[in-house]
Amino acid sequence: MTETVPQIRGLGHSVKRKEDPRFLRGKGNYIDDLKLPGMLYMDIVRSPYPHARIVGIDASEALKVPGVAAVVTGKDLEAAGLAWMPTLMSDTQMVLPTDHVVYQSQEVAVVVATSRYAAADGVTAVNVEYEPLPPVIDPIKALEPDAPLVRPDKEKQSNHIWHWEVGDRAATEEALNSADVVVEQDIYIPRIHVASIETCGCVASFDRISGKLTIWMTTQAPHAIRTVFSLVSKIPEHKIRVISPDIGGGFGGKVPVYPGYVCAVVAALTTGKPVKWIEDRSENLQADSFARDYHIHAELGADRSGKMRGLRIKTIADHGAADAAANPSKFPAGLFSIVTGSYDMPQAYVEVDGVYTNKPPGGVAYRCSFRVTEAVHTIERMVDTLALKLDMDPADLRMKNFIQPEQFPYKSVLGWEYDSGNYPAALQKALDRIGYQELRREQSEKRARGELMGIGISTFTEIVGAGPSHTFDILGIKMFDSAEIRVHPTGSAIVRIGVQTQGQGHETTFAQIVAEELGLPVENIEVEHGDTDTAPYGLGTYASRSTPTAGAATAIAARKIRDKAAHLAAHLLECSVDDLEWKDYRFQVKGAPERSKSMPELAFAAYTNHPLGMEAGLEAVTYYDPPNLTFPFGAYICVVDIDRGTGEVHVRRFVAIDDCGTVINPMIVEGQVHGGLTMGLAPALYEQIWYDDDGNMHGGTLMDYLVPTAVETPNWETDRTVTPSPHHPIGAKGVGESATVGAPPAIVNAVVDALSHLGVTHVDIPMTPPRIWRILQEKGVALASS
Ligand code: CDP
């Protein structure tokens with residue numbers, strides 16, 4: 001990786017984050033910091049039942065509570081045609097119910113009042129009479145003919161939502177039939193929840209004079225949200241302004257529109273006052289979109305030497321009461337078809353069925369490029385299962401099956417064209433760094449002493465940068481992204497981007513891209529985002545798409561500016577453009593480097609001394625449609641020790657080698673990987689939301705939903721290889737999600753490796769102490785506590 005000059009601090013510099021001084025000093029500007037004159041506060045009445053008929057809602061006592069201004073129910077919304085809203089997956093979802101509820105904690109009515117406390121008192125005074133109905137919680141049972149119907153509003157009259165398949169069924173069957181060995185495994189990837197520090201919320205304000213609706217909201221995709229709001233409400237789009245200020249973590253959970261947002265807008269329109277809604281922590285965990293919840297059956301076939309022959313996968317996707325995922329439209333199961341992973345797989349066939357159950361809606365891509373976490377978990381588990389069956393070292397089996405560097409661009413059997421990669425180099429680096437052979441020796445010694453130590457590998461390939469507009473759209477809006485750059489006369493610049501940072505440091509890294517391309521010092525470049533009135537249209541930030549899409553747009557917009565600056569330089573240096581070269585961040589006359597002009601000089605000329613016939617100014621805008629996605633990858637190795645007395649899994653070491661192509665800011669990339677690894681540790685060992693048969697949620701508070709803290713987090717050992725993307729203007733691939741995607745299977749593989757000599761071939765996540773302890777007991781190796 002080339003590191004550019006210190007004065008500019010473009011690519012490859014660990015520039016400290018421009019956004020941090022305001023965050024560290026408590027000067028961030030989050031939704032809840034916003035206070036408008038006369039503002040009302042909204043709170044939500046929620047259902048205690050997972051499935052019930054609403055007999056009646058009596059708001060009369062609530063309206064008597066001092067400060068309560070209004071109570072809005074589904075019937076009120078129905079009158080305005082707003083009781084239902086579209087999800088981003090072209091499904092429909094209740095904003096507020098008119099006659100029945102379909103999940104526990106569902107929004108039933110809202111109360112607006114002069115203070116948050118009065119609104120909360122109003123909520124407890126709303127009397128809702130329910131007639132409980134039998135719920136269906138298990139998606140497999142939901143497909144049985146006599147299962148309770150979750151969505152009677154649907155024409156299909158079934159809990160089955162959609163079927164999706166990819167690959168050659170017959171050829172895969174043939175490959176598995178003729179394989180020497182076939183391993184089979186059921187894998188459940190449980191429901192988890194984004195637990196970002198900031199919960200969701202908004203302030204909606206309608207100006208009756210200008211007719212303009214302004215919504216400050218915690219959204220990862222302000223432009224798309226504005227378009228959808230306009231289409232649904234029929235308010236012209238130029239009369240809606242969505243502002244996404246500082247966001248305290250998004251991770252995919254702030255892509256969908258939740259009923260609370262719509263109700264706050266309705267309340268603002270009807271009361272004529274600004275209305276603020278901020279979820280509390282339990283509401284956030286209990287009712288916002290969940291992630292994962294995939295029930296997978298996988299089969300992997302190989303010949304006796306370990307060469308993979310075919311992969312077949314059948315999956316049930318539990319979407320709760322509505323398919324409220326946020327995948328690109330043509331991908332109901334997201335990019336799950338990256339499931340052949342880093343391996344040269346000759347045949348594969350994947351089918352997924354989406355199912356309704358009486359649980360909160362969703363299926364969001366929690367720090368994951370649309371079901372890539374599920375895909376990577378599946379293939380990385382299956383590779384280890386195969387290694388066990390063949391009695392092969394899992395590192396050797398991977399090396400044998402990797403797509404080789406010379407095979408790129410590589411067309412996978414399920415249709416993706418991987419842009420670049422060098423998987424053996426990444427794995428070798430991880431093996432060397434952790435001292436793999438030595439660890440294997442230690443493991444066998446410990447095993448002989450009855451100690452449980454395991455080593456787990458995950459060599460994952462991601463697919464990020466949604467997406468090329470020919471295949472990718474959200475609700476019909478094609479996917480691309482944008483940047484607009486304006487260089488001021490004195491050589492500083494403002495960059496406006498169509499993506500929206502939620503902590504990733506875009507204000508720094510996007511400035512570095514411009515610094516690199518234009519030769520302006522990074523501190524003289526300001527990056528703005530998140531305001532639909534000023535930022536160019538973009539599809540938002542999720543799925544590690546910002547750098548592959550808007551990052552590319554930024555580089556190209558800067559190059560447009562540089563092209564114009566070349567003409568200014570030719571004018572000032574009295575030569576032809578062809579006589580100039582861009583070198584050392586200046587235009588120089590070829591062969592006479594002392595005759596040169598810097599970008600600040602050219603910027604000044606653009607406003608003061610541009611040639612006749614040339615437009616004044618120095619600015620450019622680019623809407624970038626990527627030719628392909630980018631395919632970051634990594635090799636992770638985890639070492640665990642299992643406590644035979646408690647079943648506790650201790651991650652002793654974890655080496656993560658990542659490759660995200662050209663690195664813009666090494667410090668930020670490392671931070672992204674550290675955070676991602678911790679978010680991978682979380683579902684592997686701790687986090688899960690589950691429901692009992694009556695539909696009661698478990699894990700709905702942070703007492704039960706165990707988000708790891710610094711105490712549980714091991715010392716991550718990170719490093720990288722650099723394999724640039726051939727189609728990205730600066731060779732960068734996304735990185736934000738790699739670690740969340742790659743870490744869980746490394747940890748599971750380590751745990752299974754620690755227990756494999758006892759006959760254990762698979763453990764589902766989260767691998768909590770009770771779950772592991774039960775296995776130890778079954779296998780007769782648990783230490784008695786007496
Ligand atoms: O879309 P999102 O910002 O979540 O993900 P990303 O594009 O992977 O970027 C996360 C952060 O890492 C951003 O600040 C990027 O600019 C930075 N990054 C980098 O410095 N070098 C890369 N090759 C990729 C990302």
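This report walks through a ligand site, a pair of packed helices and a few unusual spots in the backbone. Please keep in mind that the model is predicted.

**Around the ligand**

Let us start with the ligand. Its shell is made of 23 residues, and H506, S546, T547, T662 and V735 are the closest of them. Sorted by class, the shell holds 13 polar, 8 nonpolar and 2 charged residues. Three helices each give at least two residues to this shell: α14 (506-518), α15 and α17 (666-686).

Which backbone atoms lie opposite the ligand's own nitrogen and oxygen atoms? The table lists three such pairs.

| Residue | Atom of the residue | Atom of the ligand | Distance |
|---|---|---|---|
| Q504 | backbone N or O | oxygen | 2.8 Å |
| T662 | polar backbone atom | nitrogen | 2.7 Å |
| N665 | polar backbone atom | oxygen | 3.0 Å |

How much of the ligand does the protein cover? On its own, the ligand has 520 Å² of accessible area, and the protein covers 98% of that. T662 appears twice in this story, as one of the closest residues and as a partner of a ligand nitrogen atom.

**Two packed helices**

Helix α15, which adds residues to the ligand shell, also meets another helix. When two helices pack, the angle between their axes and the distance between those axes describe the arrangement. Here α15 (residues 546-573) and α16 (residues 599-608) have axes that come within 9 Å and cross at roughly 85 degrees. An angle from 65 to 115 degrees counts as roughly perpendicular, so that is how α15 and α16 lie relative to each other. From α15, the residues making the contact are R562, A565, L568, A569 and L572, while α16 brings M599, L602, A605 and A606. This contact between α15 and α16 has 8 nonpolar residues, 1 charged residue and no polar ones.

**Unusual spots in the backbone**

Most peptide bonds are trans, and most residues other than glycine have a negative phi. With that in mind, here are some places to look at in the model.

A466 and G467 are joined by a cis peptide bond with omega about -20 degrees. G467 sits in the loop between β21 (452-461) and β22 (473-474). Another cis bond runs from I765 to P766, where omega is near -5 degrees. The loop between α18 (738-755) and α19 (769-778) contains P766.

Finally, S105 is a residue other than glycine with a positive phi, near 80 degrees. You can find S105 in the loop between β6 (100-101) and β7 (107-113).

Note on methods:
Residues numbered from 1 in each chain as written. Predicted model: local features only at pLDDT ≥ 70, side-chain atom pairs only at ≥ 80, totals over all residues. Heavy atoms only, no water. Axes fitted to C-alpha atoms, helices over the stretch in contact; angles between N-to-C directions. Helix = DSSP H or I, 4+ residues; strand = E, 2+ residues; numbered from the N terminus. Parallel < 35°, antiparallel > 145°, perpendicular 65-115°, else oblique. Contact = heavy atoms within 4.5 Å. Nonpolar A, V, L, I, M, F, W, Y, C, P; charged D, E, K, R; others polar. Near = heavy atom within 4 Å. Polar contact = N/O pair within 3.5 Å; in protein donor to acceptor, adjacent residues only side chain to side chain. Areas by Shrake-Rupley, 256 points an atom, 1.4 Å probe, with all protein chains shown as cover.
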